[in-house]
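Q: I'm new to this one. Could you show me how to read its aromatic rings?

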Amino acid sequence: TITTSIAVGRAANSGDPRTTISRQHAVLQHAYDGSLWIYDLGSSHGTKLNDHSVQPWAFQQLLPGNSVRFGRSKRRYVVRYGAAVGAKPDSFVDMATSAIESGRAYQQPKAK
């Protein structure tokens, strides 16, 4: 099985009161066209992309060189891969949003 998404969040049993990362904070989604996307799950302290807030409940494409920060953490994660030249973001966003809202993982469509 190929994993196309990664959930970001803290452990449910984390008793650390200093953490600003939600239990279910965000999802990183690798699309069928090779592009990489982030989706904030309505986290309490938000997600930053290049020091700008990511809109909750909406996909934002990640490009090489972008930096991502979760909550108020000082750790920055830099995107190294994932951009797709000529990607069609609207069709992916519609499909992936539907999959996340329904609770099922997005899977690559079968070739016709």
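A: Sure, here's the rule: rings of Phe, Tyr and Trp (its six-membered ring) pair if their centres lie within 6.5 Å; planes under 30 degrees apart count as stacked, over 60 as edge-to-face and the rest as tilted. Here, ring pairs link Trp 37, Tyr 39, Trp 57 and Phe 59 into a cluster. Keep in mind that this is a predicted model, where local features need pLDDT of at least 70, side-chain atom pairs count only at pLDDT 80 or more, and totals for chains, interfaces and linings use all residues. Residues are numbered from 1 along each chain as its sequence is written, and side-chain values use heavy atoms, leaving out hydrogens and water.

Q: How many aromatic pairs are there by this rule?

A: The count is 4. In one of them, the rings of Trp 37 and Phe 59 have centres 6.3 Å apart and planes at 85 degrees, so that pair is edge-to-face. Tyr 39 and Trp 57 also pair edge-to-face, with 6.3 Å centre to centre and 75 degrees between the planes.

Q: Is Tyr 39 buried or exposed?

A: Buried means under 20% relative accessible area, exposed over 50%, and partly exposed in between (1.4 Å probe, protein chains only). Tyr 39 is buried at 1%, while its partner Trp 57 is exposed at 52%. Trp 37 and Phe 59 are both buried.

Q: Where does Trp 37 lie?

A: Helices (H or I, at least four residues) and strands (E, at least two) are DSSP runs, numbered from the N terminus. Trp 37 sits in strand S3, residues 36-40. The whole protein chain has 1 helix and 8 strands.
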